[in-house]
Amino acid sequence: MAKKKSDRQWKGFGSPTSSVASGVQKLQKHLHNQDWQKANEVLQDLQEQFPKHPDVLAAAANVAQQQGNTVEYEHACKQLLEVSPHNPDAALGLAGGYLANQRPMLALKAFHDFLDQYPDHDYASQVQETVERLESEKEGILSEMGLEGENAEEIARLHEQVMSLIAYRQIESARAMAEKLVQRAENFIPAHNNFSLCCWMDNDAEAAIAAAAKVLEIDENNVHALSNLARFCCLSGDTENARYYAERLKSIPVDNTDHWIKQMEAFAYLGDDENIAEIYETAKKHVKLEKCPSLLLHLAAAAQMRLGRMHRARDIWQRALKNNRNETLARENLEDAKKSVSERHAPWFFTLESWIDRHYIYEMQDMLKQRSSQASEDEDDAERERQVLQEFLQKYPSIEKIIPMLLDRGDPKGRQFALYFASTAKTPELLQALKDFALSSRGPDDMRYEAARIASDYDYIPAGSVRMWLRGQWQDIYLMNMAITTQPRPVNHASETTELLTQAIQALHNGEGTKAEPLLKEALEQEPEAPDLRFNLAMAYKLQDREEEYNQLIEALYQNHPNYTFGRIAFAELRLREGRIEAAREILSPMLGWKEFHVQEWSFFCHVQVEAAAAEDNLSSARNWLDMWEQANPDDPGVQTWKNRLSQLESLS
């Protein structure tokens, strides 16, 4: 169908006079300031309280119009006309919305209805001009749709109504209307394609695939059906058939930008960047870049960046925005690509809702809320969520197939959703997906590290050296399967000893080694072999610069209590200060297999690991240890100290 642009924006709604006036006025203020977020928040509140109020619907139309959302504009005008059937602004707005959304036959009827009802309206002459133009184009539009005969215009309007209902997310109504249309016009292929799409959105994959296959019986090279089948199969986990339909789609010789987009979309779901790049090169031979649809350019740019061609991707995204400043996907990818390589999500092809329809997410959230409200006080929250998500997967098993795709090529919301879902549900398939994501180069470093930690907890990634993409390069890091706890260690001292130790530790925190020393010696008289008392006494010596006594006590502590955490780490630090790096590594190495550290023990351990790596001039390893330290204890002043020191060392290297 030929794409026709509206001659004008049909708008203009009167001031509210009802009890919702104050809310609408607040909304108008935010719109005037172009504060879209606050405007949408106010509108959402109004819609929840007064869903059918004419002033609220008029405000929704104004918000959509100012934000360039023609679908929401059309929908708001339609709702407003239903509650205010004699509102000329709503009637004119709906007709203009149809026109803006490529619904020419619905627009033509709506404009005719407007003239019949308001022949003396100020805009009547302009509307008459639009009607005459659409009437002159009508036969061509119907012919391009493949419709002819006395019922052609009515069938076209029904087809466009289905498209509108799909856009409004009124899937049940859209499916019912599409099914009737298919029965009435058996060879009208667009109706079959829309019916297929409705079935898919109605969680009926079998019917969706069957309906799309029916189209191929009528037209074996139908681009839309092949594209739908590639997508449906891919999101159902049947990648073999998805690739089969995508390759069939690509083999069709086309010189139409809409068809190239369909080809690229099919391969985008599959994550096949090479084929997308090849289709883009073909498109460039036929269409000048300034004439290319922005979506085609966005898909091409995302594939280029996934192939490592950052500069080329940026150029294509910028071209997409020149062609259409409202191309959200291009703009958001381009902005995200400006972030550091450690933080960026870009590139992504589609938003989360292209992978998982919003009603699934809403249903999942409702299940979690309902189960939470029924939970007992002693019920484990994590286990409850895990059970809910596993029940959700039993109802919608295809979600488990989509999670790995979202981790690889989802937008920020999609990747965050996938990480949450996989790390909570923890099925074998999802734990494998976390492993694959962790060991890939997609997404921010912290998300991949979190995925690696969870996969390691369940032995999908063995503890030890592992190669990961961090800070824009492949690095060997040591991944440990351990818990970092903030719970105080149990105190196994008599009450008198505990009191002395408490006073001594407070003195040490204040830098008062001379005050702590006698307290600790008195405590040792009562419990002479207690390792924590000996370690704190050593720290008291260190604060007084009595290095020889400190060294002797730490060495003896290690010999007598090799598994006392602080003493072992301190002894490794001694060897490190002596320049005996390998000896320090031998002391620290067994600790990499320990299952639990207190956060203070972990901070000390990371400090010595950073120091050892820096001594070896392995600044990459030092950064990795510093990252793990900061993740566990971000407020430790030693973190910032080492950040500054490593920055200085890196500037000199």
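**Close-up views of selected sites**

**View 1. Helix α13 has exposed and buried residues on opposite sides.** E240 and S251 are exposed (over 50% relative accessible area; buried is under 20%, partly exposed in between; 1.4 Å probe, protein chains only), and they lie on the other side of α13 from its buried residues. This is a predicted model in which local features need pLDDT of at least 70 and side-chain atom pairs count only at pLDDT 80 or more, while totals for chains, interfaces and linings use all residues. Residues are numbered from 1 along each chain as its sequence is written, and side-chain values use heavy atoms, with hydrogens and water left out. Which residues of α13 are buried? They are A242, Y245, A246 and L249. These four cover an arc of only 100° around the axis (taken from the directions from the helix axis to the C-beta atoms), so they sit on the same side of α13. An α-helix has 3.6 residues a turn, so residues three or four places apart point the same way. The buried residues pack against α11 (205-218), α12 (223-235) and α14 (257-270). Helices here are DSSP runs (H or I, at least four residues), numbered from the N terminus.

**View 2. The length of α13 agrees with its residue count.** The helix holds 13 residues, 239-251. At 1.5 Å a residue (times one less than the number of residues), α13 should span 18 Å. Its end C-alpha atoms are 18 Å apart, so the two values agree.

**View 3. The second largest pocket is lined by 40 residues.** A pocket is an open set of points on a 1 Å grid over the protein atoms alone, where a 1.4 Å probe fits, with protein on both sides within 12 Å along at least five of seven lines; lining residues have an atom within 4 Å of a point. F535, N536, Y564, F566 and Q600 lie nearest the centre of this pocket. Two or more lining residues come from each of α26 (495-509), α28 (531-543), α30 (565-577), α32 (599-615) and α34 (637-652). Helix α28 gives the largest share, 7 residues. The volume is about 1,500 Å³.

**View 4. L297 is buried in helix α16.** The helix covers residues 294-306. L297 counts as buried because its relative accessible area is 0%. Which residues does L297 contact, leaving aside neighbours within four places in sequence? The contacts (heavy atoms within 4.5 Å) are Y280, L289, C292, I316, R319, A320 and N323. Y280 is 17 residues away along the chain, with its C-alpha atom 8.0 Å from that of L297.

**View 5. A cis peptide bond joins A346 and P347.** Omega is about 5°. P347 lies in the loop between α18 (328-337) and α19 (352-355).

**View 6. N203 and K426 have positive phi.** N203 is not a glycine, yet its phi is about 60°. This residue is in the loop between α10 (189-201) and α11. N203 counts as partly exposed, because its relative accessibility is 39%. K426 is also not a glycine, and its phi is near 55°. K426 sits in the loop between α23 (412-425) and α24 (428-438). At 26% relative accessibility, K426 is partly exposed.

**View 7. D436 lies in helix α24.** This residue is partly exposed, at 46% relative accessibility. D436 and A375 are 61 residues apart in sequence. Their C-alpha atoms are 34 Å apart in space.

Conventions. Grid points are joined across faces, edges and corners, and a volume is the space filled by probe spheres set on the points.
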